[in-house]
Amino acid sequence: MDDHPVLRKGLARLIDSKEEFVVCGEASNAVDAMALIRELEPHLVIVDIGLPGTSGIELTKTIHAEFPKLPVLILSMHEEALYATRALRAGAMGYIVKQDAIDNISNALREALDGRRYLSPVIAAQLQHNGPDTEPHPRDDPASLLTDREFEIFELIGKGHEVREISNALGVSPKTVEAHRTNIKEKLKLKNARQVARMAVQWLGQRAV
C-alpha cells in the first residue's frame, strides 16, 4: 500500500514479474487498504511507512490487531534503525528501505511469508551494533517518548514544515496537528511551539552527523 502511484505500480510490476508472486490488490491509503485486505484475504501486505492520514505504522497496528497472522512488510525511505524499531514494535514482519527494493524485494517476501523477520542490510547492521532489543533512553533521545504519530509530526516540524503543510501532508486537520504538537511540548517539557521547533531541528541535526 503506497500513496505514490508511480512507485506503487512499479513495485507491483516488479513483484508480478516473479513467477512465485501475484499482486492481488493496491491501495493509496489505510481505509482502502483495510477494505481490500478484508475482501481479498492476501497472504502478505506491503505497507509504505509514509501513507497520508493514518501512517504506515498505524496501519500496521490495525492490520496486526485484526489479522494477527498476516505478515506485513514495511517499505520505507528511512535508513535509520529507530524507524524500523517502531515498525517491528507495531507488528511488522520486515522492514525494507526503498533503495533496496529492486534487488531485495523477492528475498524479503520469501522470508516474511516463511515467518522469518527480514531487515534491509543497512538496518540489520545498525540493530546488530546496538542490540536488537535496545530502546533509546529518553535522556539520549527525547523522541522516544513520543507516539508514532507525534514522532512523525516532530520530524516534519524539524524539517521546517508549518502546521498547514503538515496537515496537508498527513491528511489530517490543522487542529489535529496542533493537538499533537501540544502533546509533544508537554512530553518534552517545553514551554511553547517555538521551543518544540528548536528541539526538532536540533534532533534532526544530531542524527545527520
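In the predicted model, three aromatic pairs are counted when ring centres are required to lie within 6.5 Å of each other. One of these is formed by F154 and W203, whose rings are 5.8 Å apart from centre to centre, with an angle of 65° between their planes. Because planes over 60 degrees apart count as edge-to-face, the pair of F154 and W203 is assigned to that class. The two residues belong to distant parts of the chain, F154 being placed in helix α7 (residues 148–158) and W203 in helix α10 (residues 193–208), so that 49 residues separate them along the sequence. Both F154 and W203 are buried.

The pair also belongs to a wider group, since ring pairs link F154 and W203 with Y83 and F151 into a cluster. A charged residue accompanies one member of this cluster, F151: R86 lies over the face of the F151 ring, at 4.4 Å from the ring centre.

A further arrangement concerns helix α8 (residues 163–170) and helix α9 (residues 174–187), the axes of which come within 8 Å and cross at roughly 110°. Because angles of 65 to 115 degrees count as roughly perpendicular, α8 is described as roughly perpendicular to α9. The crossing of these two helices, α8 and α9, is right-handed. On the α8 side, the residues in contact are V163, R164, I166 and S167, and these meet P174, V177, E178 and R181 of α9.

Terms used:
Residues numbered from 1 in each chain as written. Predicted model: local features only at pLDDT ≥ 70, side-chain atom pairs only at ≥ 80, totals over all residues. Heavy atoms only, no water. Phe/Tyr/Trp six-rings, centres within 6.5 Å; stacked < 30°, edge-to-face > 60°. Helix = DSSP H or I, 4+ residues; strand = E, 2+ residues; numbered from the N terminus. Buried < 20%, exposed > 50% of the residue type's maximum accessible area, 1.4 Å probe, protein only. Lys NZ or Arg CZ within 6 Å of the ring centre and 35° of its normal. Axes fitted to C-alpha atoms, helices over the stretch in contact; angles between N-to-C directions. Parallel < 35°, antiparallel > 145°, perpendicular 65-115°, else oblique. Left-handed = near helix turned anticlockwise from the far one by under 90°. Contact = heavy atoms within 4.5 Å.
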